[in-house]
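User: Please go through the assignments made for this structure and justify the terms used for them.

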Amino acid sequence: MLRKRAGALLAAALMVSALAACGDDEGSGSAGGGGGGDGKLVLGFSQVGAESGWRTANTKSIQESAAEAGYELKFSDAQGKQENQIKAIRSFITQRVDVIAFSPVVESGWDTVLKEAQDAEIPVILTDRAIDSPDESLYESFIGSDFVLEGKKAGEWLVEEYKDETGPVNIVELQGSPGAAPANDRKAGFAEVIAAEPEKFKVIASQTGQFTRTDGKQVMETFLKSHDDIDVLYAHNDDMGLGAIEAIEAAGLKPGEDIKIITVDAVKDGMTALADGKINFIVECSPLLGPQLMELAQTVADGGSVEKRVLTEETTFTQEQAKEALPDRKY
Ligand code: AHR
């Protein structure tokens with residue numbers, strides 16, 4: 001049973017200006033529509049932004065899945081800002097949507113706005129990224145990857161790759177955007193694995209590249225200026241790794257040979273660089289969360305119970321595996 005609420009028309013009028021303020025420009029579904037007067041499930045979704053190939057694929061998956069399910073999607077792009085997501089969530093509450101889903105820009109600072117959604121009896125689903133609130137009643141379910149495990153897989157590949165060498169192995173790290181769950185967790189998982197051999201594996205520089213190609217390139221340039229002994233780059237996503245490859249090549253070095261590169265995501269551009277020998281290993285993080293999100297949204301809107309944690313299935317890719325997988329890669 002969908003939640004249908006009075007005042008939908010007034011809310012629709014308010015929504016137009018509220019969402020415009022949040023940078024709502026992607027609008028699959030009817031971003032300017034009302035609260036599901038035609039009986040369709042209305043899903044308000046606040047996306048992080050458009051910082052990476054992964055994010056673009058994730059947005060597409062959610063928009064296409066909502067259309068296939070016949071839901072009305074109110075999509076808002078937060079442009080990387082938590083304040084925009086909070087505004088969007090408040091706007092969804094005002095519009096009395098049936099379900100709110102969002103991928104949190106950062107982990108902390110969500111309790112107040114999620115309490116408002118709870119008080120309005122609108123179920124919330126976290127997608128892709130977790131929040132660090134101790135109050136798990138604030139959301140129905142969290143669907144996404146295990147980012148700590150992704151970091152561990154990156155570390156395990158590195159340990160295996162250098163098992164016959166004594167080291168030291170000098171590593172530089174490009175972190176994701178500060179405070180975001182994948183940045184915190186991928187760093188932690190990797191650090192935990194290499195900590196077993198502290199004299200061998202040394203992280204000599206670690207800085208944010210904001211999950212973007214541009215920042216990845218710029219930060220790698222500064223790493224290369226201050227260190228002439230870099231053996232390995234660990235980038236928390238493909239886009240930063242791809243930017244760094246440009247910086248490495250501009251410095252007259254061969255990515256994948258002079259500097260070994262590990263990234264996370266496995267989007268098409270990353271997989272192509274892996275197959276070309278410019279990246280050495282990629283840990284997959286699937287952006288195709290749309291179909292499962294729609295199922296969860298329908299269940300919670302119907303008042304059904306769902307798993308608190310829905311884990312995404314993922315693998316890893318070597319250069320040979322990338323060559324095989326590339327022709328069928330969907331994103
Ligand atoms: O939250 C998922 C991460 O966010 C992706 O790995 C990264 O590319 C994106 O920006």
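Analyst: The following exchange sets values against definitions. This is a predicted model, in which local features need pLDDT of at least 70, side-chain atom pairs count only at pLDDT 80 or more, and totals for chains, interfaces and linings use all residues. Residues are numbered from 1 along each chain as its sequence is written, and side-chain values use heavy atoms, with hydrogens and water left out.

User: Why is Ala-180 called buried?

Analyst: Buried means under 20% relative accessible area, exposed over 50%, and partly exposed in between (1.4 Å probe, protein chains only). Ala-180 has a relative accessible area of 0% and is therefore buried. Ala-180 lies in the loop between β6 (169–175) and α6 (181–194); helices (H or I, at least four residues) and strands (E, at least two) are DSSP runs, numbered from the N terminus.

User: What is Ala-180 in contact with, leaving aside its neighbours within four places in sequence?

Analyst: Contact means heavy atoms within 4.5 Å. On that basis Ala-180 is in contact with Val-105, Val-106, Glu-107, Arg-129 and Phe-211. The C-alpha atoms of Ala-180 and Pro-104 are 7.7 Å apart, with their places 76 residues apart in sequence.

User: How is Glu-150 classed at 1% relative accessibility, buried or exposed?

Analyst: Glu-150 counts as buried, because its relative accessibility is 1%. Glu-150 belongs to helix α5 (residues 147–161). Beyond residues up to four places away in sequence, Glu-150 touches Arg-186 and Glu-314, among others.

User: Which classes apply to Glu-121 and to Gln-210?

Analyst: Glu-121 is exposed, because its relative accessible area is 56%, whereas Gln-210, at 33%, counts as partly exposed. Glu-121 sits in the loop between α4 (111–119) and β4 (124–127), and Gln-210 in the loop between β7 and α7 (213–226).

User: What makes the backbone of Glu-121 and that of Gln-210 notable?

Analyst: Most residues other than glycine have a negative phi, and most peptide bonds are trans. Phi of Glu-121 is near 60 degrees, a positive value in a residue other than glycine; phi of Gln-210 is also positive, about 60 degrees, and Gln-210 is not a glycine. The peptide bond from Gly-167 to Pro-168 is cis, with omega near 5 degrees.

User: Why do β2 and β11 count as edge strands?

Analyst: Two strands pair if DSSP finds at least two bridges between them. Six strands form an open sheet with parallel pairing, in the order β2-β1-β3-β4-β5-β11. β2 (72–77) and β11 (309–311) each have a single partner strand, so one side of each is left without a neighbour in the sheet.

User: How do you know that β1 and β2 pair?

Analyst: Six bridges join strand β1 (residues 42–47) to β2, and the two run parallel. Gly-44 stands opposite Lys-74 in β2.

User: What makes up the lining of the largest pocket?

Analyst: On a 1 Å grid over the protein atoms alone, a pocket is an open set of points where a 1.4 Å probe fits, with protein on both sides within 12 Å along at least five of seven lines; lining residues have an atom within 4 Å of a point. The lining residues include Ala-57, Lys-60, Leu-288 and Tyr-331. Helix α2 (residues 53–69) gives the most to this lining, with six residues.
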